[in-house]
Amino acid sequence: MPEMLSVSPFSARIVERLSVGATSRRERVIHSLDGLEEPVHPNALATTEARLWRLLQEQVPDGLGSMDFLLGLDAGGILPTVSLAGAAKLPYKIAWKLHLPLDGAVRFSEPHAMRTDVFAYGIVPGQRIVLVDDEISTGRTLADLTRRLREAGAVPLASACLVEDTTRGARDLLTGLGLPLVSLTTIEGVA
């Protein structure tokens, strides 16, 4: 008989960052899929991303039918993007902090990071995209990405994250841009 594995529910919390630069946030959201405190079993990842995919389908039903791909953000957004792509059976791309001579480059800013320039490549007019990151706090990175994608003729349909910090206005900022934000869980950070 196959062994049954109990998968813990997804959890997140805020911790103080040590040795931060002048432009960096003093706190960081950590979560049960980042592997910082405990090893992550693949079933936990698959279960969590299946839940996020269901939430996306429920909260953005009209816009996902003709989606071209998911676009994840460098570092923290890679894991949720790849696993969400698996749950949704959709292709994905990753935006990197690498300036390369590739076609369809869209440059945007991650204002709270040490290296602020991020690049998405292979972006062409008409592409319908869902943006993915592990956590969203101010929403400024996704807002800038949304504006730059639209300037390139692409269509950002929604944004998805594992954790939304509800104290920094990300939801209002993205909603004001017409970009729905779907989050698996919320957390109240330090305002």
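**Reading a loop, a patch and two cores**

Me: In this predicted model, where is T138 found?

Reply: T138 is found in the loop that runs between β7 (128-136) and α3 (140-151).

Me: Which polar atom lies 3.2 Å from the backbone nitrogen of R140, and with which residues is T138 in contact once its neighbours within four places in sequence are left aside?

Reply: The partner of the R140 backbone nitrogen is a polar atom of the T138 side chain, at 3.2 Å. With those sequence neighbours set aside, T138 is in contact with R168, G169, A170 and L173.

Me: How should I read the nonpolar cores, and which residues have the most contacts inside the largest one?

Reply: As a general idea, nonpolar side chains in soluble globular proteins tend to be buried together. Here the largest nonpolar core has 26 residues, and W53, L56, M67 and V130 are those with the most contacts inside it. Two or more residues of this core come from each of α1 (42-59), α2 (78-88), β7, β8 (155-165) and β9 (181-187). Apart from it lies another core, of 22 residues, with L142, A143, A170 and L181 among them.

Me: What is V130 in contact with, beyond its neighbours within four places in sequence?

Reply: V130 is in contact with L56, L64, M67, F69, L70, L71, L157 and A158.

Me: Which residues form the nonpolar patch on the surface, and why is L102 classed as partly exposed?

Reply: The patch is formed by W96, L98, L100 and L102, which together have about 350 Å² of accessible area. L102, found in the loop between β4 (92-95) and β5 (106-109), is partly exposed because its relative accessible area is 44%, and partly exposed covers the range between under 20%, which is buried, and over 50%, which is exposed.

Conventions:
Residues are numbered from 1 along each chain as its sequence is written. This is a predicted model: local features need pLDDT of at least 70, side-chain atom pairs count only at pLDDT 80 or more; totals for chains, interfaces and linings use all residues. Side-chain values use heavy atoms; hydrogens and water are left out. Helices (H or I, at least four residues) and strands (E, at least two) are DSSP runs, numbered from the N terminus. A polar contact is a pair of N or O atoms within 3.5 Å; within protein, one must be able to donate a hydrogen and the other to accept it, and residues adjacent in sequence count only if both atoms are side-chain atoms. Contact means heavy atoms within 4.5 Å. Patches are made of residues with over 30% relative accessible area and no salt bridge: like charges are joined within 9 Å, nonpolar side chains (Val, Leu, Ile, Met, Phe, Trp, Tyr) within 5 Å. Accessible areas come from the Shrake-Rupley method with a 1.4 Å probe; for residues, only the protein chains shown count as cover. A salt bridge is a side-chain nitrogen of Lys or Arg within 4 Å of a carboxyl oxygen of Asp or Glu. Buried means under 20% relative accessible area, exposed over 50%, partly exposed in between (1.4 Å probe, protein chains only). A nonpolar core is a set of buried Ala, Val, Leu, Ile, Met, Phe, Trp, Tyr and Cys residues joined through side-chain atoms within 4.5 Å.
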